[in-house]
2 protein chains.
Amino acid sequence: MDRAKIRLFVEHPLAEGQSVDLTREQAHYLFGVMRQAVGGQVALFNGRDGEWTCEITEAGKRGGVLTCLGQAAAQLDPPDLWLMFAPIKKSRTDFIVEKAAEMGARRIVPVLTEFTNAERVRVDRLQAHAVEAAEQCGGTFVPEVADPVKLDRLLAGWDDRRIMFCDEALVGRDAALAGDGGSWAILIGPEGGFSGAERARLHGMDQAVAVSLGPRVLRADTAAVAAMTLWQDRLGDWR
Amino acid sequence: MDRAKIRLFVEHPLAEGQSVDLTREQAHYLFGVMRQAVGGQVALFNGRDGEWTCEITEAGKRGGVLTCLGQAAAQLDPPDLWLMFAPIKKSRTDFIVEKAAEMGARRIVPVLTEFTNAERVRVDRLQAHAVEAAEQCGGTFVPEVADPVKLDRLLAGWDDRRIMFCDEALVGRDAALAGDGGSWAILIGPEGGFSGAERARLHGMDQAVAVSLGPRVLRADTAAVAAMTLWQDRLGDWR
């Protein structure tokens, strides 16, 4: 199947001949904004069944129906990588969520650290950003955005998932980022860095690996993309 | 020397005891916006002499004078890496320039490709962005933003600088990104990718190396940060 240009995320199961009802917002977008009509083709994905080319079979102001013609791309799940980050100002937090969805993170966790100085985190808005990023970049998976959690509470109940954290104070090279992947989480601190206590706690965890992101100080949003690149390149599905 | 919190880029040479005149804009920023006064400390850098801690010795509405007390950080020049990219919409172009300055590119070149669909590129505005990024991220070097140039003209007069370009059509691994660095340029295509002719031409150049950025389609701004990360990690000063 050729891939349709307009891509929409839906919750509905997708399979050949399956009809999918549109929400009011999706109908408004497809028929009002994008000027589509009955007979037009749209790509749907639901995060589980790959991408499907669908035909518009009913179009109305408040809804519509699409029918699945065939699968255009297989489901591509990301590796078991979480991105945990201290929220920063709104536009840069949005950016981090967009990049995590694009680059292949499975779960996005806003983390409140000692030096976190963030506006209120609206999880529903961030989740919508993750959906939009997946729609735009051709992905078939949408990472879940978790509720914000305090770092000390998060680490108190931590299992054996490995943590890659970026330590600005680190000099020299990390040798530990090699192997076969498995379950990992990247942890990005706030603009002010981790506190001394947080850094000591992380360095004391067997699961944690500190990495350096070079001799320059990176903004938190840059550090998030750079850290995901290093992980995907060495342990993930960019290899 | 402790590092002062406010950082400003100046053109003036910096050395112990040196006086530096402020421009009207810098005086407005320091005294009007940041409420600094005579006796306050500011960090200056000029892209050549490292970072200097300076004291405000005169403060006025239209100007002011700083005196260099001592060097707070040595000059850190980036590797010989250029970032060449097809401009996209304004906010994402600004973002690419900011990230290039943060991550350690020496020169930033807007490149017009067949599928480039950009608003007019204002080099002076992009240069100001690069300065601001260096001021904010603690860097002592500011990459130069070159005038936009057409890709075919740029490649026609190309010397032996190596080119790393990101090819979405590439399957499998790049083995060529290893060695001792030297002179390189990263080339990032527009949202629509390179044209067939452009791709063929690049693949035919001895200087060029195609790399894959994983199985997902990345936006151009994400690709720029990911490509700079890979290069710095394997060939640059993050090693």
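In strand 5 of chain A, Gly64(A) is the bridge partner of Ala59(A). The model that contains this pair is predicted. The two strands concerned are strand 4 (residues 51-59) and strand 5 (residues 64-73) of chain A. They run antiparallel and are joined by eight bridges. Helix 1 (residues 24-33) of chain A packs on the sheet. This helix touches strand 1, strand 3 (41-45), strand 4 and strand 5 of chain A. Its direction makes about 80° with that of strand 5 of chain A.

The sheet in chain A is open and has five strands. Their order is 1-3-4-5-2, and the pairing is mixed. Strand 1 and strand 2 (19-21) of chain A are the edge strands. Each of these pairs on one side only. From one strand to the next, the twist averages 40°.

Chain A as a whole has six helices and twelve strands in its secondary structure. The C-alpha trace of chain A spans about 60 × 35 × 35 Å along its principal axes. Chain A has 239 residues, of which 38% count as buried. Among contacts in chain A with a separation of 6 or more, 73% are between residues 24 or more positions apart.

The domain assignment divides chain A into domain 1 (7-73) and domain 2 (81-234). Taken over C-alpha atoms, the centres of domain 1 and domain 2 of chain A are separated by 33 Å. Contact between them involves eight residues of domain 1 of chain A and six residues of domain 2 of chain A. On the domain 1 side, strand 1 (residues 7-9) of chain A gives the largest share, three residues. By class, the side of domain 1 of chain A that touches domain 2 of chain A has four nonpolar, two polar and two charged residues.

The sheet of chain B was examined strand by strand. Five strands of chain B form an open sheet in the order 1-3-4-5-2, with mixed pairing. Its edge strands are strand 1 (7-9) and strand 2 (19-21) of chain B, each of which pairs on one side only. The twist averages 40° from one strand to the next. At one edge, strand 1 of chain B runs parallel to strand 3 (residues 41-45) of chain B, and three bridges join the two. Phe9(B) stands opposite Phe45(B) in strand 3 of chain B. At the other edge, strand 2 and strand 5 of chain B run antiparallel, again with three bridges. Here Ser19(B) has Thr67(B), in strand 5 of chain B, as its bridge partner.

Strand 5 of chain B also pairs with strand 4 of chain B, in the antiparallel sense and over eight bridges. Glu58(B) of this chain stands opposite Val65(B) in strand 5 of chain B. A hairpin through four residues joins strand 4 to strand 5 of chain B. Helix 1 (residues 24-33) of chain B lies across strand 1, strand 3, strand 4 (51-59) and strand 5 (64-73) of chain B. The helix runs at about 80° to strand 5 of chain B.

The relation between the chains was then considered. A turn of 180° and a shift of 0.0 Å along the axis lay chain A on chain B with an RMSD of 0.0 Å. The relation is therefore that of a two-fold axis. In chain A, the C-alpha nearest the axis belongs to Ala226(A), at 3.1 Å from it. Both copies use the same surface: 100% of the contact residues of chain A recur in chain B.

The contact between the chains takes 26 residues from chain A and 26 residues from chain B. On the side of chain A that touches chain B, helix 2 (90-103) and helix 6 (220-234) of chain A each supply at least two residues. Helix 6 of chain A provides the largest share of this side, seven residues. By class, the side of chain A that touches chain B has eleven nonpolar, seven polar and eight charged residues.

Note on methods: Residues numbered from 1 in each chain as written. Chains lettered and ligands numbered in written order. Predicted model: local features only at pLDDT ≥ 70, side-chain atom pairs only at ≥ 80, totals over all residues. Contact = placed C-beta atoms within 7 Å. Nonpolar A, V, L, I, M, F, W, Y, C, P; charged D, E, K, R; others polar. Pairing = 2+ DSSP bridges. Axes fitted to C-alpha atoms, helices over the stretch in contact; angles between N-to-C directions. Domains from an automatic or database assignment. Least-squares fit on C-alpha atoms with pLDDT ≥ 70 in both. Buried ≥ 20, exposed ≤ 12 C-beta atoms within 10 Å, placed from the backbone.
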